[in-house]
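Visitor: I'd like to learn how to read a strand and its surroundings in a model. Could you walk me through one?

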Amino acid sequence: MQINLFKALIISILSCLLSGCFLLSAKRYNSALLLNMNPDVKLEIEQIISASSGGRDVTISDETFITNSLLTVESNASNMIPYPNDRTKENPDQYELIMSDNGQCFINERKTKLQWFLFKAKCTIAE
């Protein structure tokens with residue numbers, strides 16, 4: 001019984017690490033801006049945001065994370081159910097581009113504090 005539990009724990013930890021999603025120390029990163037936005041970087045960011053939001057289709061602007069380190073995405077935007085002021089009832093999801101002490105770029109989901117490493121992006125510390 002303990003061996004199966006141990007194997008399950010090891011598989012869970014490895015899966016999390018290999019997926020590129022993990023928690024960084026709160027004091028070891030800074031807000032960042034992208035240095036390059038090209039189709040590969042844009043696709044990578046869209047896939048991360050889609051995966052973190054349950055597979056929802058996401059399309060971002062070419063200016064995302066270029067002038068602002070924060071991206072806000074409506075949680076359940078819908079044209080079918082009208083809400084006052086055309087807003088949804090749930091709070092929007094917020095994502096921040098961050099850079100670790102060693103210069104690696106990550107996307108931080110503010111609600112869950114989960115972070116995803118960006119393989120194709122280059123970033124700089126936001127001033």
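Guide: Let's start with β5, a strand that is mostly covered, with 5 of its 5 residues buried. Buried means under 20% relative accessible area, exposed over 50%, and partly exposed in between, with a 1.4 Å probe and protein chains only. Helices (H or I, at least four residues) and strands (E, at least two) are DSSP runs, numbered from the N terminus. Keep in mind that this is a predicted model, where local features need pLDDT of at least 70 and side-chain atom pairs count only at pLDDT 80 or more, while totals for chains, interfaces and linings use all residues. Residues are numbered from 1 along each chain as its sequence is written, and side-chain values use heavy atoms, with hydrogens and water left out.

Visitor: Which residues of β5 lie on one side, and which on the other?

Guide: In a regular strand the side chains alternate between the two faces of the sheet. Here Cys105, Ile107 and Glu109 are on one side, with Phe106 and Asn108 on the other, and both faces of β5 are covered.

Visitor: How do I read the pairing, and how many bridges join β4 to β5?

Guide: Two strands pair if DSSP finds at least two bridges between them. β4 and β5 run antiparallel and are joined by 5 bridges; one pairing to look for is Met99 with Cys105. The hairpin they form has 4 residues between the strands, and Gly103 in the turn has a positive phi of about 90 degrees. β5 also pairs with β6, again antiparallel, over 3 bridges, and Phe106 stands opposite Phe117 there. That hairpin has 5 residues between its strands, with Lys113 at a positive phi near 70 degrees.

Visitor: What about Cys105: does a sulfur link start there, and where does the pair sit in the chain?

Guide: A disulfide is a pair of cysteine sulfur atoms within 2.5 Å. The whole structure has 1 disulfide, formed by Cys105 and Cys123 with their sulfur atoms 2.0 Å apart. The pair links distant parts of the chain, Cys105 in strand β5 and Cys123 in strand β7 (residues 123-125), 18 residues apart. At -120 degrees about the S-S bond, the link is left-handed, and both Cys105 and Cys123 are buried.

Visitor: And Lys122, is that buried or exposed?

Guide: Lys122 counts as exposed because its relative accessibility is 55%. You'll find Lys122 in the loop between β6 (115-117) and β7. Contact means heavy atoms within 4.5 Å; leaving aside neighbours within four places in sequence, Lys122 is in contact with Leu33, Leu34, Leu35, Asn36 and Cys105.

Visitor: What is the nearest side chain of opposite charge to Glu109?

Guide: Lys and Arg count as positive, Asp and Glu as negative, and His and the chain ends are not counted. A salt bridge is a side-chain nitrogen of Lys or Arg within 4 Å of a carboxyl oxygen of Asp or Glu. Glu109 is buried yet has no salt bridge, and the nearest such side chain, Lys111, is 5.6 Å away.

Visitor: Which residues have the most contacts inside the largest nonpolar core?

Guide: In soluble globular proteins, nonpolar side chains tend to be buried together. A nonpolar core is a set of buried Ala, Val, Leu, Ile, Met, Phe, Trp, Tyr and Cys residues joined through side-chain atoms within 4.5 Å. The largest one here has 20 residues, and those with the most contacts inside it are Ile45, Ile49, Phe65, Leu97, Ile107 and Leu118. The largest share, 4 residues, comes from α2.
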